[in-house]
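Thanks for asking me to look through this model with you. Here are my notes as numbered points, so that you can follow along in your viewer.

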Amino acid sequence: MHIRQVPFDHPDAVKLDEEVQAEYHARYGDGGDATFLAPADFDPPNGVYLIAYDETDRPVATGGWRAQDMNDEGNLDGDAEVKRMYVIDAMRGRGLARRILAALEADARAAGRSRMVLETGTEQPEAIALYTSSGYELCEKFGHYRFHEESRCFAKGL
């Protein structure tokens, strides 16, 4: 696997985002994640977007982080918010999400962020297992879905 930094609006990123949105819809029945994301949110040094490619140069996994500071959606100064963590079905169970998450944490730490945060949901038990086994703990809810019962928010100090 090769992990590359790409713009959020790169064609491979767009393709994988469409796939993850379809999965969110299948799990929650709500059309996908309605959180507004702008491509510039992931421009260094205030974020990064990564794609893992297999040996045939096929995009198989993705994830990004964007800087967040204290706001009316519950973020705190120094937050780095994980967005669009996704591994295609055929490549799951090989540690790709864990590798991308570690790369995101290292990048956010190098950018001076103090806390990695993320929001997932009760219909994504494998995501919750990944995050808790990677040292994330439940935290006060934040973001677009902070008032939804299915929402679970996690944080980890960097």
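1. A good place to begin is Phe8, which counts as buried at 12% relative accessibility, the cut-off for that word being under 20%. Keep in mind throughout that we are looking at a predicted model. Phe8 forms an edge-to-face aromatic pair with Tyr49, at 5.0 Å centre to centre and with 80 degrees between the planes. That pair links distant parts of the chain, as Phe8 is in the loop between E1 and H1 while Tyr49 is in strand E2, 41 residues apart. Like Phe8, Tyr49 is buried.

2. Which residues do ring pairs link into a cluster with Phe8? They are Phe42 and Tyr49. By the ring-pair rule, the model has 4 aromatic pairs. One of them joins Phe8 and Phe42 in a stacked arrangement, 4.7 Å centre to centre with 25 degrees between the planes. Phe8 lies in the loop between strand E1 (2–5) and H1, and Phe42 in the loop between H1 and E2, so this pair ties together parts that are 34 residues apart in sequence. Phe42 has a relative accessibility of 2%, so it counts as buried.

3. Val6 is in the loop between E1 and H1 as well. With a relative accessible area of 10%, Val6 is buried. Leaving out residues up to four places away in sequence, Val6 touches Tyr49, Ile51 and Tyr53. Val6 and Val48 are 42 residues apart in sequence, and their C-alpha atoms are 7.8 Å apart in space. Tyr53 has another partner worth displaying: the charged end of Arg4 sits over the Tyr53 ring, 4.0 Å from its centre.

4. Next comes helix H1, which covers residues 11–28. Its 18 residues reach 26 Å from the first C-alpha to the last, close to the 26 Å expected at 1.5 Å a residue. Asp12, Ala13, Leu16, Asp17, Val20, Gln21, Glu23 and Tyr24 are the buried residues of H1. Viewed down the axis of H1, these buried residues fall within an arc of 165 degrees, so they line one face of the helix. As a reminder, an α-helix has 3.6 residues a turn, so residues three or four places apart point the same way. On the other side of H1, the exposed residues are Pro11, Glu18 and Ala26.

5. What do the buried residues of H1 pack against? Their partners are strand E2 (47–53), strand E3 (59–68) and strand E4 (79–87). Gln21, in helix H1, has a relative accessibility of 14% and so counts as buried. Apart from residues up to four places away in sequence, Gln21 touches Gly31, Gly32, Asp33 and Arg84. Just after H1, Gly29 takes a positive phi of about 70 degrees.

6. A few backbone values may interest you when you check the geometry. In general, most residues other than glycine have a negative phi, and most peptide bonds are trans. Arg84, a contact of Gln21, has a positive phi near 60 degrees. Arg84 is found in strand E4 and counts as buried, at 5% relative accessibility. Asp57 also has a positive phi, near 70 degrees. Asp57 is in the loop between E2 and E3, and at 43% relative accessibility it counts as partly exposed. The peptide bond from Pro44 to Pro45 is cis, with omega near 10 degrees, and Pro45 is in the loop between H1 and E2.

7. Finally, the largest nonpolar core has 36 residues, of which Met85, Leu104, Met116 and Tyr131 touch the most other members. Two or more residues come from each of H1, E2, E3, E4, helix H2 (96–110), strand E5 (115–121) and helix H3 (125–133). The largest share of this core is that of E2, with 6 residues. For a closer look, try Met116: leaving aside neighbours within four places in sequence, its contacts include Trp65, Ala80, Val82, Leu104, Ala108, Tyr136, Phe154 and Leu158. Glu105 and Lys156 are also among the residues in contact with Met116.

How values were computed
Residues numbered from 1 in each chain as written. Predicted model: local features only at pLDDT ≥ 70, side-chain atom pairs only at ≥ 80, totals over all residues. Heavy atoms only, no water. Helix = DSSP H or I, 4+ residues; strand = E, 2+ residues; numbered from the N terminus. Expected span 1.5 Å × (residues − 1). Buried < 20%, exposed > 50% of the residue type's maximum accessible area, 1.4 Å probe, protein only. Arc of directions from axis to C-beta. Contact = heavy atoms within 4.5 Å. Phe/Tyr/Trp six-rings, centres within 6.5 Å; stacked < 30°, edge-to-face > 60°. Lys NZ or Arg CZ within 6 Å of the ring centre and 35° of its normal. Core = buried A, V, L, I, M, F, W, Y, C linked by side-chain atoms within 4.5 Å.
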